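Visitor: I would like to go through this structure and ask how its labels are justified.
Guide: Go ahead; here it is.

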Amino acid sequence: MERHAKSGLRFSFRKKGSRKPSEGNVNVTNEPEEKKEPIKMISQEEAQGIDEELFSEYKFSIDQLMELAGLSCAQVIAKTYPLEGLPRGPGNVLVVCGPGNNGGDGLVCARHLKHYGYRPTIFYPKRPDKDLFQRLTIQCEKMGIPFLYDLPKDVNLLQGNHNLVVDALFGFSFKGPVRPQFMDVLTRMKEMKIPVVSIDIPSGWHVDNGDPEGLNPECLISLTAPKLCAKFFKGKYHFLGGRFIPFTLEEKYELNLPKFNGSDTFVQLPILQESPTSPSTEEKGEA
């Protein structure tokens, strides 16, 4: 099947040095570089096609990509929300993980955050039986990372004990509606006043069309390439993480990825100033 469609939403970078300094306590030194062609936002179908080729043609393994993705997410958090700027506890972070690969990214992210001196706590309500996820769970447990078996209903208690929430519930393969088991979790994340950092997709969003009434994260870490729904992102910080796409695959899908700084595994992206109108949630697909 022909997957490398040449259409897709794109946005341009300003020239280096022309951006105003980021607000808040973000401490990022790798400003976006100017490119002749703007970076491409990809559809859910294109994201699935790229994933399939990474596994079949380029012989990557799932856990290999998961490790690279989770590492880059932890590094973004460490740069954007440094320990010395966090007011609650010695780096308390809540990591909410779903049952799929996005949840695996969250587990890897939590493990690396622990290495960086943070104190992550993981909420993992539905654990898959697959060996990969069991190993990731054991690795976190052996690192002394606590797991919550129930998420407190008191939002004030949650945000009073944590500095930020890592949203690793659903990724680019998500198709709604959200099941009741996870709806309560999304509702509580939406109610929190502390920053939410979403991995790849704000959980619950339609991958192509977004969700105007959904989760509103402060930080979005796109993986592989920004998905089409990123055009609706209205937060403060948008990053591209992972840095694992082979150059030939980037050229095939005309991704026009930005230049990464040195050995960094992430790069900051500009925020779209005007967000288009998102379709209603009734247009979402079935789970």
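Visitor: What makes up the exposed area of the chain?
Guide: The chain exposes about 13700 Å², and carbon and sulfur atoms supply 48% of it. Accessible areas come from the Shrake-Rupley method with a 1.4 Å probe; for residues, only the protein chains shown count as cover. This is a predicted model, in which local features need pLDDT of at least 70, side-chain atom pairs count only at pLDDT 80 or more, and totals for chains, interfaces and linings use all residues. Residues are numbered from 1 along each chain as its sequence is written, and side-chain values use heavy atoms, leaving out hydrogens and water.

Visitor: Why is strand β4 called mostly covered?
Guide: Buried means under 20% relative accessible area (exposed is over 50%, partly exposed in between; 1.4 Å probe, protein chains only). In β4, residues 119-123, 4 of the 5 residues are buried, so the strand counts as mostly covered. Across the 287 residues of the chain, 54% count as buried.

Visitor: How do you know that β3 and β4 pair?
Guide: Two strands pair if DSSP finds at least two bridges between them. β3 (residues 92-97) and β4 share 5 bridges in the parallel sense, so they pair. One of the bridges sets Val95 opposite Ile122.

Visitor: Why is the crossover from β3 to β4 called right-handed?
Guide: The chain passes from β3 through helix α3 (residues 101-115) to β4. With the strands pointing away from the viewer, the path from the first strand over the helix to the second runs clockwise, which is why the term applies.

Conventions: Helix = DSSP H or I, 4+ residues; strand = E, 2+ residues; numbered from the N terminus.
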